[in-house]
Every structure is written in C-alpha cells, then in structure tokens.
Amino acid sequence: MSRVRVGCGATVLLTLREWERLAALPEPGNEVEPLHWCELEPRHGGLHFAFGQQSGEDAWWVVFDLGAPARRELQILVGCSAAAEEADELGDRGVCTLAADHAGGHSFEIALDTGAGRSVPVLLPALPDPAALTAVQQHNHAVLAAAGLTAATYLQMESLQHQESRFGVISTRHLGLQTNVAVPRLACLAADTSGLAAAVAQGYLAVPGPRTRPPVVADAQLADSAVVHLTDTGRALLARLQPQLQD
Ligand SMILES: [Zn+2]
Ligand SMILES: [Zn+2]
C-alpha cells in the first residue's frame, strides 16, 4: 500500500505491466503493492498522485484520473522541498513527502489535520448526469454508490459470480489462462473499468499474490489488465444488493 492513507480517498490499481515495471526497478524501497492511494489533500483539484515505489534516488508516482481510468502514467517526480515551520513533540520538523508543485496542503499539514487512524472513504468517479438517466437508473446508481461501487464494477462482479457458479470457485479454465490460481477471476481491463480500484480497496475484490499471479505475457491486452477475484465480502455484498436493484 502507499505510505500514508490520509489523502483524498482516490485509489488506483496497477496493471500487470505497471506492477512488473515497478517491481523490476533497482534499489527498491518497498515491496510493490497492486493498490495505491492518492496522497494529496482531500478535495484537491486536478489529477491524483499515488506513490508507487522508491528506486534509489528516484520516486516513482502513479498519476491518474479517477473519471478517465485509461489516463494514467508512471512518472519519476522530484520531491516537494517544504518542511514544517514548527517541530513536533519529538523535535523533528516534518518534511513534505509529496511531489514538487503538488496541489493542496503539504503532507505534514494533511497528517496534522486528520490524525492517525482516520479511515478515509474511497472516492468514486462522478455519477452520470441524472438528467441522462431514467428514474430506475438513478435509483440503481444510488444503491451502488452507497455501497462504494460504480455500475461498471458491479457488472464485472456479477460476471465473476456467474463464472463461479458455472466453473466453480477453483478453475483453471477461465480466459484460457493455465494457472493454479483459485479462479474464476477476471483479467480485467483496469483502464476501462471505472471504480475497480475502489472495490479492491473495500475488500470486495482481491488481487492474487505474486506467486499465483500469471506472468506478464506477450499478450498486450493481458499486460494492461489487473487480475482480481471475488472475496467473501464481495459475494455477500452482491447478495445484499441484488434485491435492492430494479430492472
Ligand atoms: Zn487525489
Ligand atoms: Zn509539499
């Protein structure tokens, strides 16, 4: 996970290609995780910035747009040079851990403002314009949003559930991937699925660990995907939501 989770609540899920790229960097600072949180101040403007990996002197960031998941990039960014004016109770002056020229407050101001242990609600992309929706569609979007889901991710979760009922929870058949992973799972185009990272952040979906993850193959479509599977929390959520949604 990212170093702090006191930011704006936006999340991004690395594709297999991005994950492998960060994992292959020299002098890594951390083990690379698939899910990252934006570290900027809540309600900031512009793009979101999630810390990806430290490699020697280089700080790698995932820059992303919640409303347009295909707009995302790994960037090496220089750090912000700001330091807190007053020392904390240990005599240290906090140094901003964000990238230079970032939007919103410095990291030490955000941390002071929120305190430890605060849970940050995940941020979803904006709902479609209500004027473009029927009353039933508005109802369904509201039910899903209250559970922290977008319609696109809900449909993917339903598809996973359907595959589980068809192939069983353990399958090596799905999408032709020959693996030993407990699947069905979804080789999902993260770039296309709005709200997917938020569903992982809430534990509805999980990413298989590195040992059970398929290697990035020459298949460009798979490399630009994130592999996820339903969790018991996700299955329970589907069971709770299905009676609430209208046809
Ligand atoms: Zn953000
Ligand atoms: Zn700063």
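The following dialogue examines how terms are applied to a predicted model of one protein.

Me: What makes up the protein, in helices and strands?
Reply: The protein has seven helices and eight strands. Buried residues account for 32% of its 247 residues.

Me: How do you know how confident the predictor is in the protein?
Reply: The pLDDT averages 82, and 77% of the residues score at least 70. Residues 172–186 stand apart from this, with a pLDDT below 50. In the model that stretch nevertheless has 32 contacts beyond near neighbours in sequence.

Me: Why is Arg43 called buried or exposed?
Reply: Arg43 has 10 other C-beta atoms within 10 Å. The limit for an exposed residue is 12 or fewer, and therefore Arg43 is exposed. Arg43 lies in the loop between β2 (35–37) and β3. Its phi is near 65 degrees, a positive value in a residue other than glycine.

Me: Why is Asp101 called buried or exposed?
Reply: Asp101 has 8 C-beta neighbours inside 10 Å, so it counts as exposed under the limit of 12 or fewer. The residue is found in the loop between β5 and α2 (107–114). Although Asp101 is not a glycine, it has a positive phi of about 65 degrees.

Me: What makes Leu245 count as it does in terms of exposure?
Reply: Leu245 has 14 C-beta neighbours inside 10 Å. A buried residue needs 20 or more and an exposed one has 12 or fewer; Leu245 therefore counts as partly exposed. Its place is in the segment after α7 (232–241).

Me: Which residues does Leu245 touch, leaving aside those up to four places away in sequence?
Reply: Leu245 touches Asn140 and Val143. Another residue, Gln137, is 108 residues from Leu245 in sequence, while their C-alpha atoms are 9.2 Å apart in space. For the protein as a whole, residues 24 or more positions apart account for 63% of the contacts with a separation of 6 or more.

Me: Why is β3 described as largely enclosed by the rest of the structure?
Reply: Six of the eight residues of β3 are buried, so the strand is largely enclosed by the rest of the structure.

Me: How do you know that β3 and β4 pair?
Reply: Pairing requires at least two bridges, and β3 and β4 (residues 58–64) have seven, in the antiparallel sense. Within this pairing, His48 stands opposite Phe64, and Ala50 stands opposite Val62. The two strands form a hairpin with two residues between them. Gly56, in the turn, has a positive phi of about 60 degrees.

Me: What makes β3 and β5 edge strands?
Reply: Each of β3 (48–55) and β5 (72–76) pairs on one side only. They belong to an open sheet of three strands in the order β3-β4-β5, with antiparallel pairing. Neighbouring strands of this sheet are turned by 25 degrees against each other on average, direction ignored.

Me: How do you know that both faces of β8 are covered?
Reply: Ala226, Val228 and Leu230 are buried on one side, and Val227 and His229 are buried on the other. Five of the five residues of β8 are thus counted as buried. The strand also pairs with β7 (residues 205–206) in the antiparallel sense, over two bridges. That number meets the minimum of two. In this pair, Leu205 stands opposite Leu230.

Me: Which residues have the most contacts inside the largest nonpolar core?
Reply: They are Ala50, Ala199 and Val200, in a core of 41 residues. Elements that each supply at least two residues include β1 (11–13), α1 (16–23), β3, β4 and β8 (226–230). Helix α5 gives the most, with six residues. In soluble globular proteins, nonpolar side chains tend to be buried together.

Me: How do you know that the span of α4 is close to the expected one?
Reply: Helix α4 (residues 151–167) has 17 residues and reaches 24 Å from its first C-alpha to its last, where 24 Å is expected at 1.5 Å a residue. Its buried residues are Thr153, Tyr154, Gln156, Met157, Leu160 and Gln163.

Me: What is the span of α3, set against the expected one?
Reply: Helix α3 (residues 135–146), with twelve residues, reaches 17 Å, which is close to the expected 16 Å. Just after α3, Gly148 takes a positive phi of about 85 degrees.

Note on methods:
Residues numbered from 1 in each chain as written. Chains lettered and ligands numbered in written order. Predicted model: local features only at pLDDT ≥ 70, side-chain atom pairs only at ≥ 80, totals over all residues. Helix = DSSP H or I, 4+ residues; strand = E, 2+ residues; numbered from the N terminus. Expected span 1.5 Å × (residues − 1). pLDDT = per-residue confidence, 0-100. Contact = placed C-beta atoms within 7 Å. Axes fitted to C-alpha atoms, helices over the stretch in contact; angles between N-to-C directions. Core = buried A, V, L, I, M, F, W, Y, C linked by C-beta atoms within 7 Å.
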